[in-house]
Amino acid sequence: MRKLLAPVVLLCAALAGAATRIVQDQCGPFTDVSPALCPYVLEMFYLGITAGTSPTTYSPDNPVTRGQAAVFVSKGVNQAIARSSRRAALGQWWTTTPPWALGLGVTAVGDFAGQPAADGTDIWVPTDQSIDRVRASDGKLLESWTGANGATAVLVAMGRIFVTGQLPQTLYMIDPAAPAGVAQAVATNVAENGPQAIAFDGSRIWTANCCLIPGPKQPPIPGSISIITPGTWSVQNVTTGFDAPIGLVFDGTNIWVADTPGMLRLDAAGAVTLTVPMSSIGNPAFDGANLWVPNANGVSVVRASTGEVLATMSQSNIRDQVGSATAAFDGRRVLIARSEGTVELWDAQTLSPLGTFQSGSKLTMGACSDGVNFWVTLLDLGSITSGLGRF
Amino acid sequence: MTSLPSPLGPFGLVACDGTDVWVGAADSVFRIRASDGELLETWSIKKAAGALLVAMGRVFVAGFGLAGEPGILSMIDPRQSPGPATVVATNLPTYPFVPAFDGARIWTANTAGSVSILTPFAAAPWTVATVETGFQLPSGIVFDGSHVWVSDSGPCVLLKLDARGSVLQTVSVGLRGGSPLPLTFDGSHVIVSNALAGVHVVRVADGATVALLDVAHGAPSGAAFDGERLLVIGQGDPSRGLAPTLSLLRTADFALLGETELTGIFPVAAASDGLNFWITVEARDGSKLVRL
């Protein structure tokens, strides 16, 4: 038996009886619930799955409608999902950023780290001169790939890593099973404008191209999207309907683009079929049902199936500039990383705020999740010029 | 089953970082790859491991020495090559056990009668604030996302603390003290393993005890949560002919899914990486880490 630490060991009789004995003899605020039902009623009540019929009654004998049943089951499933997450099993219940400025939870990477992506084991970070591979379990920088100059965004798909390069307008591909080396250029005629974001619809790669200024006193090149077919690596560039697209997300059916007018839903040919008006949009995230879109008013939650704006919320009076906020989803929570260094957390199911935190960096460029942690790219964080922070 | 190079010591603690499993022993911390159980690395520590914590991309080890000696907190950077763990705090009270992390600070429950709150700094030593008021024999500690909870083996209670370590709420978890009270959090409940009084399930929302689980022959010594199930370790009692046990329960309703008696191995501690349970055991041929 494990050695007891107290100077005197006091023995007492073990409890006898069934494996589980319910001892709840009060039923919280409710006066009309029997002892037999009380534990289950209170569990539902305190988890927020159900409410009482009045402040002091639960009305346990009342019938339940189909609509009410749907709410109860849905909320119950959400609780189950929350508790069954790997983060729960690992005991990571905190919701604040670690002290990144002290170098804890941060990995130094190449200059001007952009929008990262997770492959389930490692985090891939595009930087100005390299693509850096960071092991998720401990944040160790494993390797760096070169050749993708001016890398802006990364896509993990088909067992490969795809990288958008701004200079020249090229799509690169990395085989993560191969030794680190030079990324392979697979498409070299992606739109003249700089690819900013990248997504995959299951068969083709899409890039959102924006904001390249060809020279002094010249206007920026109009935005576009490119659709690239793997294998042949043919590129279809679509300019109609786009101004300055800076974000892309696939909802399982359609590609959505974050652009100046708002969120644009596209058909398979890249034509705009729906516009959800918004201003100063950032990079969106998809949570399986809704799009989370950072914008000038905070963050808007858009039902992907209909384009309906379910809510526009803000945890502070933050007003951000176009293209400088990124959303990421970890399976339960949505993180918004804003460029001035603020990090917001939201509950994706209830749309409730979970808090805001300061990253400590002067500039936050991108975010992703590996399903356990969020990862945020940070610039000018104390002694770290460009880093990847675990959250 | 992975054989460990040296004995576990009295606590044989285990923690998971999502990819590897870390095991604390008398003078070492072992790193084992979860996918195949291969022993990857051995790190040395200055004092016996009383607790392991994975947080902020690091592995923290609370260490204790001889009676009366101050405790220490060491830090392992798993990105580096294995070697001696870095000591970041040297003035912990005697017998620091079971650290917890609240997102910004590390908390330790110190069996000598206090709780310590450590604030990370760029360089060692880290600031340590120790609170003694309200504590007798702290032996377990967890963070529920909002508050730190500490178990106290003296009065046999569970204590809810505020951010400064002051007691906000006291919940009885047994009739008489004296047994260590390891804690586990399942997202809604703090689960208290009381070898003298069974497993107490306390709801964090209001501090109500919602269930008493009579498993492990009524003598549980620890538990682990994998996201859906609770594994309870029972170390048994040879004087009463009680064999060590492993009990598996569903946390949705705490229904018993199964219970087994162990022969030839003695379970010490448990953890989960979300996919498997891991237990440290003492066997006839040495200390081991077992995947369930």
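Let me start with two aromatic residues: A:Trp93 is buried, and B:Phe185 is buried too. A word of caution before I go on: this is a predicted model.

How do A:Trp93 and B:Phe185 sit relative to each other? They form an edge-to-face aromatic pair. Their ring centres are 4.7 Å apart, with 70° between the planes. This pair crosses between chains. A:Trp93 sits in the loop between helix 3 and strand 2 (106-108) of chain A. B:Phe185 sits in strand 18 of chain B.

Now move to A:Trp94. It pairs with B:Phe101, edge-to-face. Centre to centre, that is 4.7 Å, and the planes are 80° apart. A:Trp94 lies in the loop between helix 3 and strand 2 of chain A, and B:Phe101 lies in strand 10 of chain B, so this pair joins two chains. Are these two buried or exposed? A:Trp94 has 8% relative accessibility, so it counts as buried. B:Phe101 has 3%, so it counts as buried as well. The cut-off for buried is under 20%.

Over all chains, the count comes to nine aromatic pairs. There is also an aromatic cluster to look at in chain A. Its members are A:Trp100, A:Phe357, A:Phe374 and A:Phe391.

Next, the cavities. How many of 30 Å³ or more does the structure hold? Six. The largest has a volume of about 980 Å³. It is lined by 44 residues. Closest to its centre are B:Val14, B:Leu52, B:Val98, B:Leu183 and B:Ala270. Which elements give two or more residues to that lining? From chain A, helix 3 (86-89). From chain B, a series of strands, including strand 10 (96-101), strand 18 (183-185) and strand 26 (265-272). You have met strand 10 and strand 18 already: B:Phe101 is in strand 10, and B:Phe185 is in strand 18. By class, the cavity lining has 35 nonpolar residues, eight polar and one charged.

On to the pockets. The largest pocket has a volume of about 1200 Å³. Its lining has 49 residues. The closest to the centre are A:Gln115, A:Pro116, A:Ala153, A:Asn283 and A:Ala367. Strands of chain A that each supply at least two lining residues include strand 3 (117-118), strand 7 (151-157), strand 23 (325-329) and strand 27 (363-369). What is the make-up by class? The pocket lining has 30 nonpolar, 16 polar and three charged residues.

Two single residues to finish, both in chain A. A:Ser300 lies in strand 21 (residues 298-303). Why does A:Ser300 count as buried? Because its relative accessible area is 3%, and the limit is under 20%. Its side chain makes a polar contact of 2.9 Å with the side chain of A:Thr312. Leaving out residues up to four places away in sequence, A:Ser300 touches several others, among them A:Met278, A:Leu291, A:Trp292 and A:Val309.

A:Gly331 is in a loop, between strand 23 and strand 24 (333-338) of chain A. It counts as partly exposed, because its relative accessibility is 44%. Partly exposed is the band between 20% and 50%. Where is A:Gly331 relative to A:Gly371? In sequence, the two are 40 residues apart. In space, they are 6.2 Å apart, C-alpha to C-alpha.

Note on methods:
Residues are numbered from 1 along each chain as its sequence is written. Chains are lettered from A and ligands numbered from 1 in the order in which they are written. Side-chain values use heavy atoms; hydrogens and water are left out. On a 1 Å grid over the protein atoms alone, a cavity is a set of points where a 1.4 Å probe fits but cannot get out, and a pocket is an open set with protein on both sides within 12 Å along at least five of seven lines; lining residues have an atom within 4 Å of a point. Grid points are joined across faces, edges and corners, and a volume is the space filled by probe spheres set on the points. Helices (H or I, at least four residues) and strands (E, at least two) are DSSP runs, numbered from the N terminus. Ala, Val, Leu, Ile, Met, Phe, Trp, Tyr, Cys and Pro count as nonpolar, Asp, Glu, Lys and Arg as charged, and the others, Gly among them, as polar. Buried means under 20% relative accessible area, exposed over 50%, partly exposed in between (1.4 Å probe, protein chains only). A polar contact is a pair of N or O atoms within 3.5 Å; within protein, one must be able to donate a hydrogen and the other to accept it, and residues adjacent in sequence count only if both atoms are side-chain atoms. Contact means heavy atoms within 4.5 Å. Rings of Phe, Tyr and Trp (its six-membered ring) pair if their centres lie within 6.5 Å; planes under 30 degrees apart count as stacked, over 60 as edge-to-face and the rest as tilted.
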